[in-house]
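Good morning, and thank you for making time for this short presentation. Please look at the sequence and the structure as I bring them up.

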Amino acid sequence: MSSGDYITHSAEETIALGRRLAPVLKDARMVVLRGDLGAGKTTLVKGIAEGLHAAAQDDVTSPTFTLIHEYRGPQVTLYHVDLYRIDTLRELDTLGLDELFSEEGNLVLLEWGEKFPRFLKECDFELQIVHQGEQQRGILVKSRT
């Protein structure tokens, strides 16, 4: 399951897909999550966090205002980062993401990472979520490695 197209029909199915993707993503360093506002990026992260035993789905929230949420699992520390409000390289540098990327056992999930082309070049996976109806989502998983 390193690359592929998936369809989910509810938030529960999107979370379940995140749990299924977690073992594939656990050794990655950086994953870019793409999708419009409300597409389901954080919903997918809920499943990934559960699959990595880093957090229960109810404990995972959007980092829109805090920018970074940290969830510690037994094998992986998951960092859920939202770059929606970050517009310049100077603002980006204040987050210390390079330190997170370089530390063994960290997995950084970047929402809106495509705003900075470097992340698309350096990421291990890109997950793109597209609305295909009120509840239906198309999820494209691309391995970059």
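Let me begin with a question: is F119 buried or exposed? The model before you is predicted, and in this model F119 is buried, with a relative accessible area of 1%. Anything under 20% counts as buried.

F119 also takes part in aromatic pairing. A search of the whole structure finds three aromatic pairs. In one of them, F101 and F119 meet edge-to-face, with 5.8 Å from centre to centre and 70° between the planes. F101 belongs to helix 4, residues 97-102, and F119 to helix 5, residues 117-122, so this pair ties together parts that are 18 residues apart in sequence. Like its partner, F101 is buried; its relative accessible area is 5%.

A further pair involves F116 and F119, again edge-to-face, at 6.2 Å centre to centre and with 70° between the planes. F116 has a relative accessibility of 7% and therefore counts as buried. Taken together, F101, F116 and F119 make up one aromatic cluster.

I turn now to helix 2. How many of the 11 residues of helix 2 are buried? The count is eight, so this helix, spanning residues 41-51, is largely enclosed by the rest of the structure. The buried residues are K41, T42, L44, V45, K46, G47, I48 and A49. What do they pack against? Their partners are helix 1 (11-25) and a set of strands: strand 2 (30-34), strand 4 (77-82), strand 5 (106-111), strand 6 (125-131) and strand 7 (137-143). Just after helix 2, H53 adopts a positive phi of about 60°.

Strand 7 brings me to my last residue, R137, which lies in that strand. R137 is buried yet has no salt bridge. The nearest side chain of opposite charge is that of E134, 8.6 Å away, whereas a salt bridge requires the charged atoms to be within 4 Å.

What does the side chain of R137 reach at 2.5 Å? The answer is the backbone oxygen of A39. In addition, a polar contact of 3.4 Å links the side chains of R137 and H131. Leaving aside residues up to four places away in sequence, R137 touches several others, among them Y6, I7, T8 and T14, as well as G38, A39 and G40. I129, V130 and Q132 are also touched by R137.

Thank you for your attention.

Note on methods:
Residues numbered from 1 in each chain as written. Predicted model: local features only at pLDDT ≥ 70, side-chain atom pairs only at ≥ 80, totals over all residues. Heavy atoms only, no water. Buried < 20%, exposed > 50% of the residue type's maximum accessible area, 1.4 Å probe, protein only. Helix = DSSP H or I, 4+ residues; strand = E, 2+ residues; numbered from the N terminus. Contact = heavy atoms within 4.5 Å. Lys, Arg positive; Asp, Glu negative; His and termini not counted. Polar contact = N/O pair within 3.5 Å; in protein donor to acceptor, adjacent residues only side chain to side chain. Phe/Tyr/Trp six-rings, centres within 6.5 Å; stacked < 30°, edge-to-face > 60°.
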